[in-house]
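Dear colleague,

Please find below the structure that I am handing over to you. My notes on it follow directly after.

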Amino acid sequence: MAGGACSIVWFRRDLRVEDNPALTAGVRAGAVVAVFVWAPEEEGHYQPGRVSRWWLKHSLAHLDSSLRSLGTCLVTKRSSDSVSSLLEVVKSTGATQLFFNHLYDPISLVRDHRAKEVLTAHGVAVRSFNADLLYEPWDVNDAQGRPFTTFAAFWERCLSMPYDPEAPLLPPKRIISGDVTSCHSDQLVFEDDLEKGSNALLARAWSPGWSNADKALTTFINGPLLEYSKNRRKADSATTSFLSPHLHFGEVSVRKVFNLVRIKQVLWANEGNKAGQESVNLFLESIGLREYSRYLSFNHPYSHERPLLGHLKFFPWVVDEGYFKAWRQGRTGYPLVDAGMRELWATGWLHDRIRVVVSSFFVKVLQLPWRWGMKYFWDTLLDADLESDALGWQYISGTLPDGREFDRIDNPQFEGYKFDPHGEYVRRWLPELARLPTDWIHHPWNAPESVLQAAGIELGSNYPLPIVGIDAAKDRLQEALSEMWQLEAASRAAIENGTEEGLGDSTEATPFAFPQDTPMEENVEPARINAPATTRRYEDQMVPSMTSSLVRGVHDETSSDLRTSEEGSRAEVPRNVNVHQAPQRGTLNQGIQQTVRNNNSFLQFNLPMGVRNAEDSTDSSTSSSRRERDGGVVPVWSPPASSYSEQFIGDENDIGTSSSYLPRHPQSHQILNWRRLSQTG
DNA sequence: TTAAATTTTAT
DNA sequence: TAAAATTTA
């Protein structure tokens, strides 16, 4: 059918043939050209990490083979600009229509809007659909027609909408292929040789691809779902749904999940099965949180990089590379935290409870900027998902109206006995503690010397002492909070005086520019962990990247990382950490003021801050390891902090004071338009 | 039955 | 940590 009218179905994070409205529309319209564009640079700061790319690679292969059995194939394009690649495909295939499904992260919102404009201008009819959510964000509003700002109210509304979510669509029986003879596919490269080695293990635990996702769903619903409420609290329980990576890439549709779970719900309600009903409600709630993450991202497109509660932008985070590194390596001295971080490192997976534990420790005990932690999760999690992770970290950080209280500190020791009462999880991931009795497993620092000796543990040598004491952390948190309120009051006064008036609106340039990212730091680490009976290697473990001018420091730092079971590791244990001495606070606040005054300087701001921190901390007691081993050049991961949101520091995008940023800010008209655009599907 | 003690769980 | 839910005397 040479050059005959056909439509492009643009696949993104909807890698399935079942319940895929864009695909269905394409099939109905006639011949189809299925396209996937790989343009990671477009994602700026948040390019998929190694394990995420591994997943994508297999998911795409799976989709391609499904499409082939239906009569067409997946055209793949390597690109630095999705929209121009689509245009190319239009030209080479003579397509007259474009169909795609909605995404709600800020970058996609803008990119998809542009795609629509540009292709329409070229005479292509564009339609887009909801395939990712039960209800579109703009359809869920309170009685005044305003978006919700708390999860409970949002979810209650979702569950009582006047109409049900759309029923899932069946896969097409057959697809008529558009003419792709003059539209060549690029070979997409998702992993290098080094990464291949590390990824080899992933296939043992996971099967990407939409029909595997479907199997996982069925297995879960017919099995573990019943006990979901009972089992979901154990650190290493295998009773979660394990659907999150499938859902992230849209291999399974939430609407299908919802429908199948609902059927069970009715069944168990009729049987009077209380445990089952509770399980269903809890599981649906976790689906609801995923919905809410998209909802927040849509209504507050900066939620992945700035607190939704405005006063939190004045919180003086501790900018300390040493702490950050100890956390990443699982060497904080708190066994549950460390076990979690080692598991994440090794497998790309973490139970939800443990995610809460490690991130809460990160924010409340170490008081590191939550976006660093979020970025590390992004780089390492198999199910890394910008919207969900932003919601999670904001919740933990207390920067949401209904998040945890900000001044609450969870004690990892108690949480350890709660989520891992027998210490099995800790022993699995921290072999150095394997012989410690359960009584001490979550607080080895209290164990009698004789017990430690018998277990072969020398605190400060082969396992660290706590990097920060909980009591010290509490004091420090209080201080930081009062500093935050002072700064907030000062800023408010300044604004009332008119000193900073209008600054927030003055920066229209590069609305979605992020600081340059450089390739991820590599850890070349032979670490032994007696996890699933294998010796694992930790090559090419991703950690947050750093600003380009500091790249030279990379190998200096990483080559000495985390030799868990080697003598050589000892120097790396963060030690000499004086609990009573407050570490250096970052100079974020000054930085922010700077940025505001000299708006659009975020790139400049970024570098100096990193360098300053590195130099400042040379003498700090928290950074001895750096001085010893890293040759003075400290790789600094550039916090996304300064990228964008601070340009709008003067605005009132507080979720507390106004429910939506959008209507009051003309410079964000792309997104206003997008609201309209979104309804065309 | 009520009130106190306890356990549970946070988006 | 603190509010809510549940158990106990």
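Helix H12 contributes the most to the lining of the largest pocket, with 10 residues. This helix spans 274-299, and helix H10 (244-248), helix H15 (352-365) and helix H17 (386-397) also supply at least two lining residues each. Please note that the model is predicted. The pocket holds about 1300 Å³ of space. Its lining comprises 41 residues, of which Ser286, Leu289, Arg290, Asp352 and Ser388 are the closest to the centre. By class, the lining divides into 19 nonpolar, 10 polar and 12 charged residues.

The second topic is DNA strand B. The residues around this strand include Phe151, Arg232, Arg233, Tyr395 and Lys418. Leu289 and Asp352 are also among the residues around the strand, and both are listed with those closest to the centre of the largest pocket. The surface near the strand consists of 3 nonpolar and 7 charged residues, with no polar ones. Of the strand's atoms within 4 Å of the protein, 50% belong to sugar or phosphate, and the rest belong to bases. Two contacts may be singled out. A side-chain N or O atom of Asp402 is 3.0 Å from a sugar or linking oxygen of DNA strand B, while a polar side-chain atom of Arg408 lies 3.0 Å from a base nitrogen of the strand.

Finally, I turn to the cysteines. A search of the whole structure finds 0 disulfides. For Cys6, the nearest cysteine sulfur belongs to Cys183 and is 9.3 Å away. Cys6 is buried, with a relative accessible area of 3%, and Cys158 is likewise buried, at 5%.

With kind regards

Notes: Residues numbered from 1 in each chain as written. Chains lettered and ligands numbered in written order. Predicted model: local features only at pLDDT ≥ 70, side-chain atom pairs only at ≥ 80, totals over all residues. Heavy atoms only, no water. Near = heavy atom within 4 Å. Polar contact = N/O pair within 3.5 Å; in protein donor to acceptor, adjacent residues only side chain to side chain. Nonpolar A, V, L, I, M, F, W, Y, C, P; charged D, E, K, R; others polar. Disulfide = S-S within 2.5 Å. Buried < 20%, exposed > 50% of the residue type's maximum accessible area, 1.4 Å probe, protein only. 1 Å grid on protein atoms, 1.4 Å probe; cavity = no way out; pocket = protein on both sides within 12 Å on 5 of 7 lines; lining within 4 Å. Points joined across faces, edges and corners; volume = space filled by probe spheres on them. Helix = DSSP H or I, 4+ residues; strand = E, 2+ residues; numbered from the N terminus.
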